[in-house]
Amino acid sequence: MIKAPGRRGSAVCCRGVTLDVGSHAILSDISLTVEAGSFVGLFGPNGAGKTTFLRALLGLVQVESGDIMLFGDAVTRGSRSIGYMPQSRTPNGATLTGRDLLASGFDGGKWGVPWVSRAGYAEIEAVLEAVDAVSLADRRLGSLSGGERQRLLIAQALLGSPRLLLLDEPLASLDPARMREMALLLRDVARKREMTVICSAHDINPLMGVMDTVLCLARGQARIGPVDEVVTSEVLSALYGAPVEVCHAPSGRVLVSADGL
Amino acid sequence: MLAYDFMRMAFAASACVALLAGPVGWFLVLRGQSFAGHALSHIAFAGAAGAALAGISPLAGLLGAAVVAGGAMGLTGRDTGERDVAIGMVLSLAMGFGVLFLHLLTRSAATATALLFGNVLGVSGGMLASLAASAVAGLVVLGLLSRPLLFASLQPELAEARGVSLRLVSTLFLMLVGAATAECAQITGVLLVFTLMVGPGAAAQRMGLAPPVGILCATGLALGEAWGGLTLSWWTDWPVSFWIAVLSVVVFLLAGLRRL
């Protein structure tokens, strides 16, 4: 579903975008629009370009051709309207507390000394509350579990009240119950703060009922659409180039299953 | 002991050095770049020996070589594993050249000892002035750099997305490390730069303090260790560098006990 570029109500609009990693085109000539306020699940096999796509939205990867508009404006690096949670998330400084970590990144792009004002700390408290992480903030990073650390980093991504949240595998290395808990938390926070979310994940199932839009990247191509249109055996099998089965369980749940997916 | 001019000079000089080495060392430990700091001191040694051979002030050679090498290291920086090998190679080459320069110098023994183990009791007025000037310059740069540096050290990917130029920050920081190393070498000698650079920073990190407090703590420890070393040396007549090294390790071990 391609819409006119820069149209009001679109959060992300890509026109004929080609992205290279090294000299190798990882996405070629993709066009897509993400509606403002939608929760997008971003899927694709390893190396399909999920992270590269997110980094292009952040202005960290230059487009080879085509253009990307965010809320009608060209991509600028360090934009305040984007919150980001990168994939590698074992921050240095195991002896620091969660609050120290968030304070260290607060306005961290500006020159000067790392001193955070009272208003800054109030904002940090507010984002910690938003993801129910206040009790984690006084603990040392080295003593937190993976899920707890992820919760802190999601709080950090909310600093500056972004309109678009880019999450690179926030559910990775969590057990199934924590995965679901994290997915529901993301949905609630996104709704409350009226954010557009693009959340990459390996497994489709934990995001069922949370996302409203699916963006699949595979073999250089992109396919975006509502969940029930894209999450079908035909579409996913064609995209992945391998048989993918979508099963509708009697409970109403949809399960996606494939060898190696 | 403060009745003597050379002691007053020594206290003032080590204060200049500690005020820069403390905070720079804190960041060095946080970033896991202690080895780079160690290498810079050896490159500084080659620079100083070369300067002495050419008849220029060794301090200028020390500072110039360390700052230039720090900048080069930052610009070419890569993954840590590969970098450690590259740094190790450059370090040994620099030491080799240092030895050659000293060999070519006729009055090598005294110069070598001063360079390798420090000569804080022989600080002249002019030397103190240049130590103070480079400490002030270094602190000004660090004041501007510390916020993006802290962010980039803790969360590089996020800092990059927020608009921090990782390469610029890392290069400026390593040049700063070069300057701090050169200053330190004046007091402790190139072989014991670690005692004032890494010791206080590592001890402060161990205590798990919030960054601004940790930086101040590292600075205080560096100052305390430098002055403590001078005082103990005065009483015992043993070398200053020895006492600073002992204090540095003792403080580091004590900091481990304090850990929560």
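1. UniProt positions are given in the numbering used here, feature names are shortened, and annotations may be inferred rather than shown by experiment. With that in mind, the unreviewed UniProt entry lists "transmembrane region" for residues 6–30, 42–73, 85–105, 117–145, 172–197, 209–228 and 240–257 of chain B.

2. The model is predicted. Its scores are ipTM 0.88 and pTM 0.90. Chain B has a mean pLDDT of 88, with 95% of its residues at 70 or more. Within chain B, confidence is lowest in helix α5 (residues 108–117), where the mean is 75, and highest in helix α10 (residues 211–236), at 95.

3. Two of the spans that UniProt lists as "transmembrane region" are 42–73 and 172–197 of chain B. In the model, the span 42–73 of chain B is 91% helix and 0% strand, and its end C-alpha atoms lie 14 Å apart. The span 172–197 of chain B is 85% helix and 0% strand, with 17 Å between its end C-alpha atoms.

4. Helix α2 of chain B covers residues 34–54. Its 21 residues should span 30 Å at 1.5 Å a residue, and the end C-alpha atoms are 30 Å apart, which agrees. Of these 21 residues, 17 are buried, so α2(B) is largely enclosed by the rest of the structure. Just after α2(B) comes B:Gly55, which has a positive phi of about 85 degrees.

5. Helix α8 of chain B covers residues 166–188. An expected span of 33 Å for its 23 residues, at 1.5 Å a residue, agrees with the 31 Å between its end C-alpha atoms. Here 19 of the 23 residues are buried, so α8(B) is also largely enclosed by the rest of the structure. B:Gly189, just after α8(B), takes a positive phi of about 85 degrees.

6. Which residues touch the most other members of the largest nonpolar core? They are B:Val17, B:Ala44, B:Ala66 and B:Leu196, in a core of 168 residues. Helix α1 (residues 5–30) of chain B gives the most to this core, with 14 residues. Leaving aside residues up to four places away in sequence, B:Ala44 touches B:Leu62, B:Ala65, B:Ala66, B:Thr181, B:Ala182, B:Ala185 and B:Val190.

7. B:Gly71 is in helix α3 (residues 58–75) of chain B. Is B:Gly71 buried or partly exposed? It is partly exposed because 16 other C-beta atoms lie within 10 Å, whereas a buried residue has 20 or more and an exposed one 12 or fewer. Beyond residues up to four places away in sequence, B:Gly71 touches B:Thr171, B:Leu174 and B:Met175. B:Ala226 is 155 residues from B:Gly71 in sequence and 27 Å from it in space, C-alpha to C-alpha.

8. The contact between the chains takes 24 residues from chain B and 24 residues from chain A. On the side of chain B that touches chain A, the elements giving two or more residues are α6 (125–154), α7 (156–161) and α10 of chain B. The most comes from α6(B), with 9 residues. By class, this side of chain B has 13 nonpolar, 7 polar and 4 charged residues.

9. In chain A, A:Gln87 lies in the loop between β6 (82–85) and α2 (98–105). A:Gln87 is partly exposed, with 14 other C-beta atoms within 10 Å. Its contacts, not counting residues up to four places away in sequence, are A:Thr51, A:Asp168 and A:Glu169. A:Thr51 is 36 residues from A:Gln87 along the chain, and their C-alpha atoms are separated by 8.1 Å.

Methods: Residues numbered from 1 in each chain as written. Chains lettered and ligands numbered in written order. Predicted model: local features only at pLDDT ≥ 70, side-chain atom pairs only at ≥ 80, totals over all residues. Helix = DSSP H or I, 4+ residues; strand = E, 2+ residues; numbered from the N terminus. Contact = placed C-beta atoms within 7 Å. pLDDT = per-residue confidence, 0-100. Nonpolar A, V, L, I, M, F, W, Y, C, P; charged D, E, K, R; others polar. Core = buried A, V, L, I, M, F, W, Y, C linked by C-beta atoms within 7 Å. Expected span 1.5 Å × (residues − 1).
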